[in-house]
Amino acid sequence: MAGTQILTARWVLPMAPRGTILENHAVVLRGERILEILPDAEALARYPGADHRDFPRHALLPGFVNAHTHAAMTLLRGVGGDLPLMQWLHEHVWPAEARLLSPEFVQAGSQLAVAEMIRGGTTCFNDMYLFPEETARVVDQSGIRAVLGLTVIDFPTPWASTTSEYFRKGADLAAAWQGHERIRFAVAPHAPYTVGDESLREIGRRAEAMGVPVHMHVHETAHEVSSALSEQGERPLARLNRLGLLERPFAAVHMTQLDDSEHEALPRTRVSVVHCAESNLKLASGFCPVARLLENGVNVALGTDGVASNNDLDMLGEMRTAALLAKGVSGNAAAVGAAEALEMATLNGARALGLAEWIGSLEPGKLGDLIAIDLGSLEFQPAHDPHAQIVYAATRDAVTDVFIGGRPLLRGRELLTLDMDELTNLARVWQERMHAAH
């Protein structure tokens with residue numbers, strides 16, 4: 001049958017309902033969408049002319065949704081490490097960007113990031129960076145799915161000189177790519193300490209008019225909150241709520257500093273928390289109270305943050321860290337079990353980005369964004385529970401195949417739309433440029 005694919009596997013982990021394990025099942029794709037999920041023998045009998053690929057040692061599951069990235073910052077991997085956030089930004093990251101940031105930089109960094117993400121099983125990412133038109137081109141060419149932030153910040157950068165220019169360029173970008181099958185947008189103010197009230201009101205109006213979420217760093221450090229209290233007399237979340245931003249879909253990134261009143265109020269808002277466990281640990285920014293948020297019914301997704309503050313875009317590593325950290329912080333070994341960690345990395349990410357109708361779980365009618373993870377090697381034996389093996393034992397080199405909208409982008413660990421050798425050479429060129437400009 002033309003346009004129909006059958007993917008059979010040892011396990012299918014659909015994510016809905018949570019914890020479901022389907023043994024010896026098949027995902028049937030027709031075009032870009034999932035047609036049905038059924039026992040493998042039944043699928044092969046029902047669709048005798050379909051293209052068939054077998055994954056006998058693998059789990060098939062939804063692709064990971066990396067709910068917070070700065071993709072182009074992959075070129076800053078390892079720059080200014082082992083420092084707290086503000087020192088790292090002021091002394092290393094922002095000076096490096098002032099010297100190097102350009103459309104060419106963003107294109108190269110985004111290509112490198114997308115290649116790394118695909119090889120690690122990420123099928124959709126939520127980005128916040130400058131020159132997003134370059135990232136859009138990379139997304140279009142590579143076949144990955146993305147939500148691109150229309151960045152707003154109240155000071156000049158190489159991309160825009162005034163707040164009004166940020167808004168104009170963001171609107172132009174959204175118009176240029178409107179209707180693209182794999183590119184969506186969010187309005188992305190950088191942080192409460194870099195965006196003023198009037199800009200935030202305009203951001204709320206634009207997000208409402210466009211029907212897109214707001215994506216913002218919020219309550220990342222204790223210093224951010226204490227500074228807001230001393231300078232403005234209110235905590236950042238209270239300010240955002242006063243300005244009406246929490247009444248619409250809002251992806252709040254980091255959220256390491258929450259008091260009891262905020263825990264009580266958040267379930268009544270439309271906030272999703274994006275937890276960046278490894279970046280927060282590396283910058284010593286604090287601990288997001290994930291277990292308590294989930295208990296209260298708040299949607300919690302996972303993001304890697306940028307490579308400059310994490311050193312990788314590895315969602316498998318992020319899941320493992322997030323699950324273990326939640327147990328340690330809450331003192332509860334049952335907090336964030338393996339199946340829930342996988343849900344945070346897939347369906348919860350889709351929910352945070354307003355994409356859960358299309359991606360995040362394997363269900364008929366949804367887009368065919370899925371990955372195959374090989375659990376057949378010695379290090380994963382015996383494989384009693386594929387959820388636990390993936391979260392607590394697997395590394396990203398176990399991801400063998402990636403499909404986005406039914407299209408293969410990774411096959412047997414080989415990228416099909418990007419050239420690894422070219423990208424490795426490109427990274428080397430930029431490393432030399434950065435050293436020369438230092």
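**Figure 1. The bend in helix 2 of the predicted model.** Helix 2 spans residues 85-100 and bends by about 35° at V93. Within four residues after this position comes a proline, P95. V93 itself belongs to the buried residues of the helix, together with L85, W88, L89, A96, E97 and L100.

**Figure 2. Packing partners of helix 2.** The buried residues of helix 2 pack against three helices: helix 3 (103-119), helix 12 (307-310) and helix 17 (420-437). One of the buried residues on helix 2, L100, is also touched by F105.

**Figure 3. The largest nonpolar core and the surroundings of F105.** This core comprises 114 residues, and those with the most contacts inside it are L61, F64, F105, F250, I373 and I390. Helix 3 gives the most to the core, contributing nine residues. Leaving aside residues up to four places away in sequence, F105 touches A72, L75, L76, L100, Y129 and W430.

**Figure 4. Another nonpolar core.** Apart from the largest core lies another, made up of twelve residues. Among them are A9, F55, A372 and F403.

**Figure 5. Cysteines C124 and C288.** The count of disulfides in the model comes to zero. For C124, the nearest cysteine sulfur is that of C276, 15 Å away, and C124 is in no disulfide. C124 is buried, since its relative accessible area is 0%. C288 likewise is in no disulfide, with the sulfur of C276 as the nearest cysteine sulfur at 9.0 Å. A relative accessible area of 5% places C288 under the 20% limit, so this residue too is buried.

Conventions: Residues numbered from 1 in each chain as written. Predicted model: local features only at pLDDT ≥ 70, side-chain atom pairs only at ≥ 80, totals over all residues. Heavy atoms only, no water. Disulfide = S-S within 2.5 Å. Buried < 20%, exposed > 50% of the residue type's maximum accessible area, 1.4 Å probe, protein only. Bend = angle between axes of the 7 residues up to and from the residue. Helix = DSSP H or I, 4+ residues; strand = E, 2+ residues; numbered from the N terminus. Contact = heavy atoms within 4.5 Å. Core = buried A, V, L, I, M, F, W, Y, C linked by side-chain atoms within 4.5 Å.
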